[in-house]
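Hello,

Here is the structure I promised to pass on to you. Please have a look at it first, and then read on for what I found.

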Amino acid sequence: MPLGTLDRTAPPLFNQGPSALSKLIFFSTLALFLMVADARFHIVQPVRQAIAAVLYPVQWVALKPVQFVVGAGGYLEDLQTAQKNEADARKALMLQAERASQADTLAQDNARLRALLELRQLQQTPGRAAEVLYDAADPYTRKIVIDQGLAQGVAPGSPVIDAQGVLGQVTAVQPFTSEVTLVIDRDLSIPVQNTRTGVRSVAFGDASAHGGGLELRFMAANADLQEGDLLSTSGVDGIYPAGLPVAKIERIERRADSAFARIYCVPLAHVMAARYVLVLQPTGAPSAPPPAAAAAPAPRPKKAEGKAGAAVKGAEKASEKNGAAAAAAKKPAEAAR
């Protein structure tokens, strides 16, 4: 074979294109650009929402076997334990019924006092029930995912509570799910108030304390605080309604070399075992306008109008008769003069 007819090109196996170092530099630069752009300008947020909407059916299907196993285990619960739980629930229900009647009486007295003092009435905060789907995959945060999102009207920043107290706050909303940051997360803070003394402060998440807790910071060492004090939301931030229980003071450390005390608190909500939660509307959110029917004055009953009209007509006739009698009495007097 002549030498000029030989194929001198490299086989396809050795054609690798750009070098591995060039690929590493290019993709590293692209990753850094996307991270900085997403952190500052949130340009990837629409893409993240679209991906979450597409992956939601896959997550729903993947969770079904787990839910089936959990449900099967619930059906196999021992009968004696179920009866004991029912008896305890009935006793608790009787106690709650008594407290509810007392609470209704106190609410009526409170409404009368507020009307007497011309104070603004407390508004009921609307809420929406939700179920916890799973914990967030990030091991450095304390977050959960619930099954309510933009489609159900959940707004970013909405408070989330359970049966015992404040659980956290909605920090990310997807079309069908929402991400809730728990109160023990170090990036979350809640304005609280000591129910015993009325002193306001701010509770910060402290995930490293006893496996999850809160901490009151910037409190003076001589502040009137005691172990066991109940902390509730103060309502000054325009997000959390006032009066929601948050935590109890567990331990107070006063140091001579510091002007501030270290105050550790235990959350009242089941932050690590919550199953069903309630998503409240932020108190600073605009409420829906009242309906036109409620704003318009109520029409009078026809019977009442008829009675009122008859009374007015009777009064007019009586006045006419009195005027005629006065005129008749006036004529003889003039004639006598």
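Let me start with a residue that is easy to miss: Glu 215 is buried, because its relative accessible area of 8% lies under 20%. Please keep in mind throughout that this is a predicted model.

Glu 215 has a salt-bridge partner in Arg 217, with 3.9 Å between the closest N and O atoms. Arg 217 itself counts as partly exposed, at 32% relative accessibility. In the sequence you will soon come to Phe 218, which sits in strand S8 (residues 213–220). The phi of Phe 218 is positive, about 60 degrees, although the residue is not a glycine. Phe 218 is also exposed, with a relative accessible area of 63%.

Strand S8 belongs to a closed barrel of 6 strands, in the order S6-S7-S8-S11-S10-S9, and the pairing is antiparallel. On average, neighbouring strands of this sheet are turned by 40 degrees against each other, direction ignored. What joins strand S6 (residues 189–194) to strand S9 (residues 230–233)? These two run antiparallel and are held by 3 bridges. Among the facing residues, Val 192 has Thr 233 in S9 as its bridge partner, and Asn 194 has Leu 231. On to the next pair: S9 and strand S10 (residues 245–253) are antiparallel too, again with 3 bridges, and Ser 232 stands opposite Pro 245 in S10.

There is a second barrel to look at. Here 6 strands close up in the order S1-S2-S5-S4-S3-S12, with antiparallel pairing. The average turn between neighbouring strands of this sheet is 45 degrees, direction ignored. Strand S3 (residues 159–161) meets strand S12 (residues 276–280) over 2 bridges in the antiparallel sense, and Ile 161 stands opposite Leu 278 in S12.

Back to charged pairs: how many salt bridges are there? The count comes to 12. One of them brings together the side chains of Asp 224 and Arg 196, at 3.2 Å from N to O. This pair links distant parts of the chain, 28 residues apart: Asp 224 lies in the loop between S8 and S9, while Arg 196 lies in the loop between S6 and strand S7 (200–206). Asp 224 is partly exposed at 47% relative accessible area, and Arg 196 is partly exposed at 38%. Another salt bridge is formed by Glu 253 and Arg 255, whose closest N and O atoms are 3.7 Å apart. Through shared partners, salt bridges also join Arg 196, Asp 224 and Asp 229 into one network.

Finally, do look at helix H1 (residues 20–41), where Phe 33 is placed. H1 has 22 residues and reaches 31 Å from its first C-alpha to its last, close to the 32 Å expected at 1.5 Å a residue. Phe 33 is exposed, with a relative accessible area of 54%. Together with Phe 26, Phe 27, Leu 30 and Leu 34, Phe 33 makes a nonpolar surface patch of about 530 Å². As general background, an α-helix has 3.6 residues a turn, so residues three or four places apart point the same way. Just after H1 comes His 42, with a positive phi of about 55 degrees. His 42 is in the loop between H1 and helix H2 (45–75).

Happy exploring, and best wishes!

Key
Residues numbered from 1 in each chain as written. Predicted model: local features only at pLDDT ≥ 70, side-chain atom pairs only at ≥ 80, totals over all residues. Heavy atoms only, no water. Patch = residues over 30% accessible without salt bridge, like charges linked within 9 Å, V, L, I, M, F, W, Y side chains within 5 Å. Areas by Shrake-Rupley, 256 points an atom, 1.4 Å probe, with all protein chains shown as cover. Salt bridge = Lys/Arg side-chain N within 4 Å of Asp/Glu carboxyl O. Helix = DSSP H or I, 4+ residues; strand = E, 2+ residues; numbered from the N terminus. Buried < 20%, exposed > 50% of the residue type's maximum accessible area, 1.4 Å probe, protein only. Pairing = 2+ DSSP bridges. Axes fitted to C-alpha atoms, helices over the stretch in contact; angles between N-to-C directions. Expected span 1.5 Å × (residues − 1).
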